[in-house]
Amino acid sequence: MRNTARWAATLALTATAVCGPLTGSALAAPDPAPASLYAPSALVLTLAHGDDPTMTTPVRAVTLSCAPTSSGTHPDAASACGELRSVGGNFDALGSRDGVLCTKQYDPVVVTVDGVWQGQRVSYQRTFANECVKGSYGTSLFAF
């Protein structure tokens, strides 16, 4: 009797495993094409005090997603995405603004950017002499 019960349970589990995918959503139409075709742009920006990002601990970090819409924890995601689009995602092309005066005090701040920009993997780091110099680059990307 015990073998019969065990055999029936094994048969039921096998039938479920084989026939289960043939019911419900498996018989439905295949998933439609994606809602939109765009290259993803999602970045994580960090800020740390020091010269080398490998030797420092980030004190701030924000996320920035620019496709399909601007979002994330960046305080001004729309402006930051617009700024990046204007330079084609080239972080080195972000120059300092004219008319910003900063002291010559050396208190290094390092900014790192990791993620994906328009479908391409990016990893960027830059050390600024101090917070004022960091704030003079671009208008909003590094302002977090």
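**Exercise 1. Determine which residue of S4 stands opposite Val-109, and describe how the strands are arranged around S3.**

Val-109 stands opposite Phe-128 in S4, where helices (H or I, at least four residues) and strands (E, at least two) are DSSP runs, numbered from the N terminus. The coordinates belong to a predicted model, in which local features need pLDDT of at least 70 and side-chain atom pairs count only at pLDDT 80 or more, while totals for chains, interfaces and linings use all residues. Residues are numbered from 1 along each chain as its sequence is written, and side-chain values use heavy atoms, with hydrogens and water left out.

Step 1. S3 and S4 pair in the antiparallel sense over nine bridges, pairing being assigned if DSSP finds at least two bridges between two strands. The two strands form a hairpin with two residues between them, and Gln-118 in the turn has a positive phi of about 50°.

Step 2. S3 is also joined to S1 by eight bridges, again in the antiparallel sense. Within this pairing Leu-47 stands opposite Val-111, and Val-44 has Asp-114 as its bridge partner.

Step 3. S1 (residues 42–49) pairs with S2 as well, antiparallel and over six bridges, with Thr-46 standing opposite Ala-61 in S2.

Step 4. As to accessibility, seven of the nine residues of S3 are buried; buried means under 20% relative accessible area, exposed over 50%, and partly exposed in between (1.4 Å probe, protein chains only).

**Exercise 2. Locate Thr-57 and decide whether Thr-57 is buried or exposed.**

Step 1. Thr-57 is placed in the loop between S1 and S2.

Step 2. With a relative accessibility of 60%, Thr-57 counts as exposed.

Step 3. Thr-57 and Thr-46 are eleven residues apart along the chain, and their C-alpha atoms are separated by 9.4 Å.

**Exercise 3. Find how many disulfides the model contains, and state which parts of the chain the pair Cys-102 and Cys-132 ties together.**

Step 1. Taking a disulfide as a pair of cysteine sulfur atoms within 2.5 Å, one obtains two disulfides. With bonded cysteines counted along the chain, their pattern is 1-2, 3-4.

Step 2. One disulfide joins Cys-66 to Cys-81, with an S to S distance of 2.0 Å. This pair links distant parts of the chain, since Cys-66 lies in the loop between strand S2 (60–65) and helix H2 (77–86) whereas Cys-81 lies in helix H2, 15 residues apart. The torsion about the S-S bond of Cys-66 and Cys-81 is about -85°, so the disulfide is left-handed. Cys-66 is buried at a relative accessible area of 4%, and Cys-81 is buried at 0% relative accessibility.

Step 3. A disulfide also joins Cys-102 to Cys-132, with an S to S distance of 2.0 Å. Cys-102 lies in the loop between H2 and strand S3 (109–117) and Cys-132 in helix H3 (residues 131–136), so the pair ties together parts that are 30 residues apart in sequence. A torsion of about -75° about the S-S bond of Cys-102 and Cys-132 makes this disulfide left-handed. Cys-102 is partly exposed at 28% relative accessibility, as is Cys-132 at 31%.

**Exercise 4. Identify which residues touch the most other members of the largest nonpolar core, and trace the aromatic pairs.**

Step 1. The largest nonpolar core has 23 residues, of which Leu-43, Leu-45, Leu-64, Phe-91, Leu-141 and Phe-142 touch the most other members. A nonpolar core is a set of buried Ala, Val, Leu, Ile, Met, Phe, Trp, Tyr and Cys residues joined through side-chain atoms within 4.5 Å. The elements giving two or more residues to this core are S1, S2, H2, S3 and strand S4 (120–128).

Step 2. Leaving aside residues up to four places away in sequence, Phe-142 touches a set of residues that includes Leu-45, Val-111, Tyr-124 and Lys-134, contact meaning heavy atoms within 4.5 Å.

Step 3. There are three aromatic pairs, where rings of Phe, Tyr and Trp (its six-membered ring) pair if their centres lie within 6.5 Å, planes under 30 degrees apart counting as stacked, over 60 as edge-to-face and the rest as tilted. Phe-91 and Tyr-124 form a stacked pair, 5.0 Å centre to centre with 25° between the planes. Phe-91 lies in the loop between H2 and S3 and Tyr-124 in strand S4, so the pair ties together parts that are 33 residues apart in sequence. Phe-91 is buried at 5% relative accessibility, and Tyr-124 is buried at 10%.

Step 4. Ring pairs also link Phe-128, Tyr-137 and Phe-142 into a cluster.
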